[in-house]
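Got your viewer open? Here is a walk through one model, selection by selection, with a note on what to look for at each stop.

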Amino acid sequence: MTTLNIFMSQMPPMAADDYVGFTFFVGAMAMMAASAFFFLSMNGFDKKWRTSILVSGLITFIAAVHYWYMRDYWISNAESPTFFRYVDWILTVPLMCVEFYLILKVAGAKTSLMWRLIFLSVVMLITGYLGESVYRDSAALWGFISGIAYFAIVYEIWLGSAKKLAVKAGGNILKTHKMLCWFVLVGWAIYPLGYMAGTPGWYESLFGGLAMDVVYNIGDAINKIGFGLVIYSLAVAASEEAQTA
Ligand SMILES: *C/C=C(C)/C=C/C=C(C)/C=C/C1=C(C)CCCC1(C)C
């Protein structure tokens, strides 16, 4: 038997009507394609933007690896890959906080802003994991605590010191910052919906009919790839401006 045959025979087949599994599969492909796009376009830009695009590529690449793994886990166990989901998030969400810092650096952003956002995101995710996985009976309470950390992030970027820096920078940076702010306010709000669909609580009758993993997978596609494309557009616009200047 060839190595390929052995490899293939260990891959469990996915049922044609497994739509949750399908979204894991499509998610993996989309994340891989986006990573190739970001990595390959990176060197065409001014040095100032390369790190930002590299981070966009790292976010989708880390997600691609996790999606490949989660797809397998789902097919083999017919169970949500909660642990790997949160490992993915705890690596990629702080990197999204780094993106805010990187684009605001021209306006004098300090690393303390970056660490504050990272800290809040880690609190948001750890408390979410505790509610979803460890203390499911009090999922509503843990979700609420997680939501406070989420709102602290929203406040910081929409109205706090990050906002002031963006206004100071103006132009393309301000426009990009605003778009990223919308991703966090609207795009990230998809996740609490998935959480409420997948955990017990007072909200069960409202969201219980949704498939948690499908909601999370849609959220990831929008937020990881869309967020990266916004950064990419900034690099394109800024490079064009530099050329005409
Ligand atoms: C690429 C992955 C991203 C952008 C993940 C973001 C995740 C969240 C914004 C999760 C938020 C949650 C709440 C606000 C409350 C309930 C628990 C969470 C962790 C689902």
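Start by selecting S35, which has a relative accessible area of 2% and so counts as buried. This is a predicted model, so take everything on the tour as computed from it. S35 sits in helix 2. Show what is around S35, skipping neighbours within four places in sequence, and you get contacts with G57, T60 and F61. For a sense of scale, draw a distance from the C-alpha of S35 to the C-alpha of N217: the two are 182 residues apart along the chain, and the line reads 17 Å.

**Helices 3 and 4**

Next, colour helix 3 (residues 47-77) and helix 4 (residues 82-104). Which way do these two run relative to each other? Their axes come within 10 Å and cross at roughly 170°. Angles over 145 degrees count as roughly antiparallel, and therefore helix 3 and helix 4 are roughly antiparallel to each other. Sort the residues in the contact of helix 3 with helix 4 by class and you find 16 nonpolar, five polar and three charged.

Now click on A78, in the loop between helix 3 and helix 4. What is the sign of phi at A78? It is positive, about 50°, although A78 is not a glycine. As background, most residues other than glycine have a negative phi. With 62% relative accessibility, A78 counts as exposed.

**Into the core**

Switch to the largest nonpolar core, a set of 72 residues. Highlight F100, L104, M124, V184 and W188, the residues with the most contacts inside this core. The largest share of the core comes from helix 4, with 12 residues.

Zoom in on W188. Leaving aside neighbours within four places in sequence, W188 is in contact with V93, M96, M124, Y150, I153, F183 and N223.

A little further along the chain, pick helix 9 (residues 190-198). Which residues of helix 9 are buried? They are I190, Y191, G194, Y195, M196 and A197. These buried residues of helix 9 pack against helix 4, helix 5 (111-134), helix 6 (139-158), helix 8 (171-187), helix 10 (204-207) and helix 11 (212-244).

**Ring hunting**

Time for the aromatics: the whole structure has 22 aromatic pairs. Take F45 and Y232, whose ring centres are 5.5 Å apart with planes at 85°, so the pair is edge-to-face. F45 lies in the loop between helix 2 (19-41) and helix 3, while Y232 lies in helix 11, so the pair ties together parts that are 187 residues apart in sequence. Toggle the surface on these two: F45, at 10% relative accessibility, counts as buried, whereas Y232, at 22%, counts as partly exposed.

Then jump to W89 and Y191, an edge-to-face aromatic pair with 5.1 Å centre to centre and 85° between the planes. This pair links distant parts of the chain, with W89 in helix 4, Y191 in helix 9, and their positions 102 residues apart. Are W89 and Y191 buried or exposed? Both W89 and Y191 are buried.

For the last stop, keep W89 and Y191 selected and add Y69, Y73, F83, F84, Y86, Y129 and Y216: together they form one aromatic cluster.

Technical notes. Residues numbered from 1 in each chain as written. Predicted model: local features only at pLDDT ≥ 70, side-chain atom pairs only at ≥ 80, totals over all residues. Heavy atoms only, no water. Axes fitted to C-alpha atoms, helices over the stretch in contact; angles between N-to-C directions. Helix = DSSP H or I, 4+ residues; strand = E, 2+ residues; numbered from the N terminus. Parallel < 35°, antiparallel > 145°, perpendicular 65-115°, else oblique. Nonpolar A, V, L, I, M, F, W, Y, C, P; charged D, E, K, R; others polar. Core = buried A, V, L, I, M, F, W, Y, C linked by side-chain atoms within 4.5 Å. Buried < 20%, exposed > 50% of the residue type's maximum accessible area, 1.4 Å probe, protein only. Contact = heavy atoms within 4.5 Å. Phe/Tyr/Trp six-rings, centres within 6.5 Å; stacked < 30°, edge-to-face > 60°.
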